[in-house]
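Please read these points with the structure open beside the text.

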Amino acid sequence: MRDKAVNEIFKTAEAEGRDFLFEHEAKNLCVLYGLPVTKITVGETEEDVVDAAKKLGFPVVLKIVSPQVIHKSDVGGVLIDIKDEMGVRQGYKTILKNIKAYVPEAEITGILIQKMAPWGTEVIVGSTKDPTFGTTLMFGLGGIFVEILKDVSFRLVPIVRSDAEEMVKKIKAYKILEGVRGKPPSDTKVIVEILLKTSEMLVDCPEISELDMNPVLVYEEGAMVVDTRIIL
Ligand code: ADP
Ligand code: MG
């Protein structure tokens, strides 16, 4: 049986006629499946956002929440590494100004405040749904590795641990995860856990037609999903 909280997330999006989940909804869903995501809060007013940032602790990241904005940084909707209250106040105004300029018709639901995650190796975990074959889980390193080199691995869900391990080892850039030229190794064990939990979430939630956790930052120990896009 699926957790009630899972149903609620999809119900809200459906009731509002959205064909995607807001980042905070998608991350709340991820949390229900044990995935490591940044702490998040949504605020409406500048004071809300300042309070939330203070509670989370600096540095923080601010992002637009709008039913009309799905690629947030393309429209000036993401500001990272904000170090103090002044920065939050300025950032709040900047994001609203950017959205007005780039997407004048956008309704503003709020501003998402989250912890700035430390830099790590960027990986991507995604999925697509094929009417014939079912749901495919994808793994690769972020940036040029996926976009230009198409260095990714795929498996149909559900996967088992050995599938997840192979998915990680199969990409050409695996050496980078092992650590090269003084760069420390990345926690591949945690990547395997993330792939397994993501598979479980995808099997449990047929509403998800497309998932894009991009990027997931991987550390020597642990990892953090800093963006999650879910298309319904
Ligand atoms: P988009 O909707 O444009 O994909 P993202 O949420 O991915 O927006 O944010 C854009 C970029 O900002 C990310 O690729 C990442 O490099 C950085 N970023 C976003 N959130 C965080 C965070 N919490 N910590 C650190 N970096 C972040
Ligand atoms: Mg992103």
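The points below concern a predicted model and take up a sheet, its helices and a metal site.

1. Sheet order. The sheet is open and consists of 4 strands in the order 2-5-3-4, with antiparallel pairing. Strand 2 (40-43) and strand 4 (78-82) are the edge strands; each has a single partner strand, so one side of each has no neighbour in the sheet. On average, neighbouring strands in this sheet are turned by 20 degrees against each other, direction ignored.

2. Pairing at strand 2. Strand 2 runs antiparallel to strand 5 (residues 110-115), and 4 bridges join the two. V42 has L112 in strand 5 as its bridge partner.

3. Helices on the sheet. Helix 3 (residues 46-56) packs on the sheet and touches strand 2, strand 3 (60-65) and strand 5. The direction of helix 3 makes about 15 degrees with that of strand 5. Helix 4 (residues 85-102) also packs on the sheet, where it touches strand 3, strand 4 and strand 5. Its direction makes about 25 degrees with that of strand 3.

4. Metal site. Which residues coordinate the magnesium ion (ligand 2)? They are N214, through O, and D227, through OD, at 2.1 to 2.4 Å. N214 belongs to strand 9 (residues 210-218), while D227 sits in the loop between strand 10 (223-225) and strand 11 (228-231), so the pair ties together parts 13 residues apart in sequence.

5. Exposure of the coordinating residues. D227 has a relative accessible area of 9% and is therefore buried, the cut-off being under 20%. N214, with a relative accessible area of 23%, is partly exposed.

Key:
Residues numbered from 1 in each chain as written. Chains lettered and ligands numbered in written order. Predicted model: local features only at pLDDT ≥ 70, side-chain atom pairs only at ≥ 80, totals over all residues. Heavy atoms only, no water. Pairing = 2+ DSSP bridges. Axes fitted to C-alpha atoms, helices over the stretch in contact; angles between N-to-C directions. Contact = heavy atoms within 4.5 Å. Donors = N, O, S within 2.8 Å, 3.2 Å for Na, K, Ca; no water. Buried < 20%, exposed > 50% of the residue type's maximum accessible area, 1.4 Å probe, protein only.
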